[in-house]
Protein chains: 2
Amino acid sequence: MVDNLEELGEFGIIDLFRKSGFPPPEDAWAGIGDDCAVLEGPPGERILVTTDMLLEGVHFLRGGTGPYLLGWKSLAVNLSDLAAMGGRPWAAFLALGLPRDLPVSYLEDFRKGLADCAARYGIPLLGGDTTAARKDAALCLTLLGRVPAGREVYRSGADPGDRILLGRPTGESAAGLALVLDPSIDLPDPDREALLLAHNKPEPQLDLGALLSLGGLATAMIDISDGLLRDLGHICEESQAGARVELEKVPVTPLLARFAAAAKKDPLDPALAGGEDYALLFCVPPQREEEALEAARRDLGIRLHPIGTVTDDPGILLGRNGEWRKPDRTGYTHFRT
Amino acid sequence: MVDNLEELGEFGIIDLFRKSGFPPPEDAWAGIGDDCAVLEGPPGERILVTTDMLLEGVHFLRGGTGPYLLGWKSLAVNLSDLAAMGGRPWAAFLALGLPRDLPVSYLEDFRKGLADCAARYGIPLLGGDTTAARKDAALCLTLLGRVPAGREVYRSGADPGDRILLGRPTGESAAGLALVLDPSIDLPDPDREALLLAHNKPEPQLDLGALLSLGGLATAMIDISDGLLRDLGHICEESQAGARVELEKVPVTPLLARFAAAAKKDPLDPALAGGEDYALLFCVPPQREEEALEAARRDLGIRLHPIGTVTDDPGILLGRNGEWRKPDRTGYTHFRT
């Protein structure tokens with residue numbers, strides 16, 4: 001008999017709400033379990049919906065990162081959920097719980113960060129709710145996106161043989177977080193600032209998501225919030241498949257390499273297990289890999305990184321010099337920076 | 001120079017976010033300011049979106065009303081926003097911030113209340129977010145609704161001469177709240193229970209909203225959350241009109257009359273100024289008043305209550321025996337029970 005929430009855990013809580021009692025959906029293609037819910041949309045389109053709650057003391061501290069970056073990041077990470085399904089931003093809704101002692105300047109800076117991110121990615125704010133809070137500030141963002149009907153990309157479509165690609169290198173966000181937690185790591189200021197920015201001001205890969213969706217190039221896709229291996233694990237579970245990742249192919253930026261040297265860590269640790277990268281991770285049929293690489297280069301000027309292959313056998317294997325081994329765990333726990 | 005949120009106030013905060021910085025909406029008919037935002041929907045339809053945040057210590061106490069009723073009410077009041085625009089429920093999204101010490105049984109009872117309300121009004125739960133909270137529980141509900149294109153009813157469409165109708169009598173919710181705040185008010189148990197239920201388990205008038213919307217009968221509509229006069233004031237402001245309310249026509253239920261006698265109050269105080277009734281208040285062209293009354297009686301078995309008329313002059317006047325006077329204020333402040 002489980003009687004406290006910690007024992008029940010996040011997935012236990014979600015299962016509680018998946019249980020019977022709620023009526024079945026109509027005109028919906030996906031509900032609980034993917035990055036967004038998918039509903040029937042304007043002619044020829046489907047609607048994506050994602051919602052995210054951020055609480056003071058859990059997700060942010062008033063004396064921490066600062067309200068401008070909080071505003072930016074809270075919208076950016078939600079936009080990344082739209083990107084992960086191939087969607088375009090449509091409308092944002094913001095609910096705010098505000099304690100009496102919150103300075104107006106804090107709210108104003110938060111608004112600026114949110115509005116700058118909204119302007120950057122073209123999403124209007126169409127509604128919300130404002131209420132008092134007792135002590136901790138609370139915010140909840142809900143985004144609607146649009147995608148051509150049938151072009152939305154789920155986590156569940158990966159087939160054995162598909163190539164696994166990364167939309168950009170990972171790990172810098174986790175390195176930035178490591179610098180917050182341990183400011184004694186010895187790095188020159190420009191490197192330090194760049195890593196903090198990677199952590200605090202993530203850029204959702206909306207253009208890439210839309211390119212892959214419209215071209216029908218991706219069979220499965222996710223955005224990396226929990227860490228590359230853990231999110232790849234989500235694709236594998238939903239697709240009832242496994243994966244082989246070639247460690248030599250996992251990109252490490254020069255900046256991440258300098259951080260790793262200073263912190264005396266393997267740069268692959270943050271690259272594989274660090275969270276909050278918000279890069280896209282996706283699968284492409286092998287015969288379309290070149291087309292995907294070329295389209296991203298030509299239309300977006302970005303380089304994609306093929307890092308492995310989807311397999312029949314469940315589970316993830318990591319390879320180096322032709323040798324394959326299981327990661328002890330896929331995610332933060334083992335590879336924590 | 002305003003430097004704290006209390007001075008700025010709810011409307012100041014909303015204005016802050018209405019300020020420039022966000023991109024303009026596309027395919028949207030209404031944004032911030034009505035009960036729901038209105039967006040283009042599936043062929044021939046439009047989408048309604050409403051979001052609401054409820055915080056422990058502000059909107060509910062853990063030792064208060066109880067989690068089952070909290071679950072019911074949190075969904076019901078959001079459904080009422082859909083009803084107020086003539087919409088049908090489509091999909092619900094729930095974000096939860098849960099403190100570690102919240103008993104699983106509390107969450108389970110909350111889920112039951114939410115699921116029972118969802119089943120009663122036919123809305124599936126299609127997604128959400130679950131996160132830890134430091135101390136106070138937080139919940140944010142976002143609902144999507146649908147309405148035939150052009151049939152959505154705004155607050156802004158009332159014309160001078162339109163009749164003002166009420167979907168059911170008001171005041172019992174405020175009476176229930178008064179009993180919570182002052183349990184010494186002497187009432188027999190069945191009356192007490194019925195009034196508490198009116199406060200704790202509101203019923204959104206979705207069928208009535210849809211009937212008025214589909215028949216093109218209502219020119220303006222709102223659900224009564226702030227109080228009859230205050231919400232009528234919102235219609236008047238948005239429609240750039242005024243209103244005359246005939247006090248003899250404002251319905252008072254026998255239950256409310258018994259409460260008023262026991263509490264030594266004028267029953268019109270809670271009926272006119274009590275909040276959280278979630279009855280619909282709407283305007284109908286005079287030549288269609290009979291049709292609206294008849295349709296509600298025939299199709300829904302309910303009686304509508306004509307209580308006044310929309311006027312050219314701004315402001316609200318209250319009439320009794322042919323005499324008209326201004327209410328000192330329209331809303332809780334003056335008429336508080």
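**Entry 1: the contact between the chains.** I looked first at where chain A and chain B touch in this predicted model, and I noted that 67 residues from chain B and 67 residues from chain A take part. On the side of chain B that touches chain A, I listed the elements that give two or more residues, which are helices H1 (5-18) and H3 (104-121) together with strands S2 (37-40), S3 (45-55), S4 (88-99), S5 (125-133) and S6 (138-148) of chain B. The most comes from S5(B), which gives nine residues. Sorting that side of chain B by residue type, I found 40 nonpolar, 13 polar and 14 charged.

**Entry 2: chain A as a whole.** I recorded 11 helices and 13 strands for chain A. Its radius of gyration is 20 Å, close to the 20 Å that the globule rule gives for 337 residues, so I wrote chain A down as being as compact as a globular protein of that length. Of its 337 residues, 53% are buried, and among the contacts in chain A with a separation of 6 or more, 83% join residues 24 or more positions apart.

**Entry 3: helix H8 of chain A.** I then turned to helix H8 (residues 254-263) of chain A, where the buried residues are A:Leu256, A:Phe259, A:Ala260 and A:Ala263. Seen down the axis of H8(A), these fall within an arc of 100°, so they line one face of the helix. That buried set packs against helices H4 (172-181), H5 (189-200) and H9 (268-273) of chain A, whereas the face turned away from the buried side carries the exposed residues A:Pro254, A:Ala257 and A:Ala261. Just after H8(A), I noted that A:Lys264 takes a positive phi of about 55°.

Terms used: Residues numbered from 1 in each chain as written. Chains lettered and ligands numbered in written order. Predicted model: local features only at pLDDT ≥ 70, side-chain atom pairs only at ≥ 80, totals over all residues. Contact = placed C-beta atoms within 7 Å. Helix = DSSP H or I, 4+ residues; strand = E, 2+ residues; numbered from the N terminus. Nonpolar A, V, L, I, M, F, W, Y, C, P; charged D, E, K, R; others polar. Buried ≥ 20, exposed ≤ 12 C-beta atoms within 10 Å, placed from the backbone. Arc of directions from axis to C-beta. Rg over C-alpha atoms; globule rule 2.2 N^0.38 Å.
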